[in-house]
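Colleague: Please take a close look at one part of this model, the cavity and what surrounds it. A connected account would suit me better than a list.

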Amino acid sequence: MVIRNWQDATPTVGHETALIWSIFRQKGSAGLSEEEAPMLAASGFTLHMMQSRKAGDYHMHDDKEQIYYFTRGHGKMKIDDEIYPVEPGDAVHLPPYTYHQLINDSDDWIEHILVTVPVG
């Protein structure tokens, strides 16, 4: 059992514009302690924040599914060339091979928790 605060993680920049705090990663992840990487099946539980008027890259994963859970702000997700509004409380499931992009077209930060799980 591990309790870890997101503020204990060192942020990185990912998807061109998102600030990412890796709260938990998959057990055995290179360079990470057992507290940082305790997960057996999921490969990531991360907090993402994006500034206003920014967008990430449009991409897909062939080997993982993801769940975006929005906790703050309003924006849009481009999913397989369709645009969907997102707001706090929304959860978006993305199976493998689904192209996606987060777009913050608001004047405030947008924040979401991202759960990533490898699939065989």
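Modeller: What follows goes from the chain as a whole to the cavity, and then to some of the residues around it.

The model is predicted. Its protein chain contains 0 helices and 10 strands, so the order of elements from the N terminus is β-β-β-β-β-β-β-β-β-β. Taken along the principal axes, the C-alpha atoms fill a box of roughly 40 × 30 × 25 Å. The radius of gyration is 14 Å, which agrees with the value near 14 Å for a compact globule of 120 residues. Of those 120 residues, 37% count as buried. Among contacts with a separation of 6 or more, 61% join residues 24 or more positions apart.

Now the cavity. A probe the size of a water molecule, rolled over the atoms, shows where empty space is left. With a threshold of 30 Å³ or more, the count is 1 cavity. The volume of the largest cavity is about 90 Å³. Its lining consists of H15, A18, H48, M50, G56, D57, H59, Y68, H100, Q101, L102 and H112. By class, the lining residues divide into 7 polar, 4 nonpolar and 1 charged. Strand 3 (44-50) and strand 9 (100-104) each supply at least two residues of this lining. Strand 9 gives the most, with 3 residues.

Two residues of the lining can be followed further, beginning with H59. H59 lies in the loop between strand 4 (54-55) and strand 5. With a relative accessible area of 12%, H59 is buried, because the limit is under 20%. Leaving out residues up to four places away in sequence, H59 touches H15, T98, Y99 and H100. Of these contacts, H15 and H100 also belong to the cavity lining. H59 and T12 are 47 residues apart in sequence, and their C-alpha atoms are 18 Å apart in space.

The other is Y68, a lining residue that is also part of the largest nonpolar core. That core has 13 residues, and those with the most contacts inside it are Y68, F70, M77 and V92. Two or more core residues come from each of strand 2 (18-25), strand 5 (64-72), strand 6 (75-79), strand 8 (91-94) and strand 10 (110-118). A second, separate core has 9 residues, including W21, I23, F24 and M49. Leaving aside neighbours within four places in sequence, Y68 is in contact with M77, D90, A91, V92, L94, H100, H112, I113 and L114. Among these partners, M77 and V92 are named with Y68 for the most contacts inside the largest core, while H100 and H112 line the cavity.

F70, another of the residues with the most contacts in that core, leads to P88. P88 touches F70, T71, R72, G73 and H74, not counting residues up to four places away in sequence. The place of P88 is in the loop between strand 7 (82-86) and strand 8. P88 has 37% relative accessibility and therefore counts as partly exposed, whereas H59 is buried. From P88 to G75 the separation is 13 residues in sequence and 9.8 Å in space, C-alpha to C-alpha.

Technical notes. Residues are numbered from 1 along each chain as its sequence is written. This is a predicted model: local features need pLDDT of at least 70, side-chain atom pairs count only at pLDDT 80 or more; totals for chains, interfaces and linings use all residues. Side-chain values use heavy atoms; hydrogens and water are left out. A nonpolar core is a set of buried Ala, Val, Leu, Ile, Met, Phe, Trp, Tyr and Cys residues joined through side-chain atoms within 4.5 Å. Buried means under 20% relative accessible area, exposed over 50%, partly exposed in between (1.4 Å probe, protein chains only). Helices (H or I, at least four residues) and strands (E, at least two) are DSSP runs, numbered from the N terminus. Contact means heavy atoms within 4.5 Å. On a 1 Å grid over the protein atoms alone, a cavity is a set of points where a 1.4 Å probe fits but cannot get out, and a pocket is an open set with protein on both sides within 12 Å along at least five of seven lines; lining residues have an atom within 4 Å of a point. Grid points are joined across faces, edges and corners, and a volume is the space filled by probe spheres set on the points. Ala, Val, Leu, Ile, Met, Phe, Trp, Tyr, Cys and Pro count as nonpolar, Asp, Glu, Lys and Arg as charged, and the others, Gly among them, as polar. The radius of gyration is taken over C-alpha atoms; the globule rule is 2.2 Å times the number of residues to the power 0.38.
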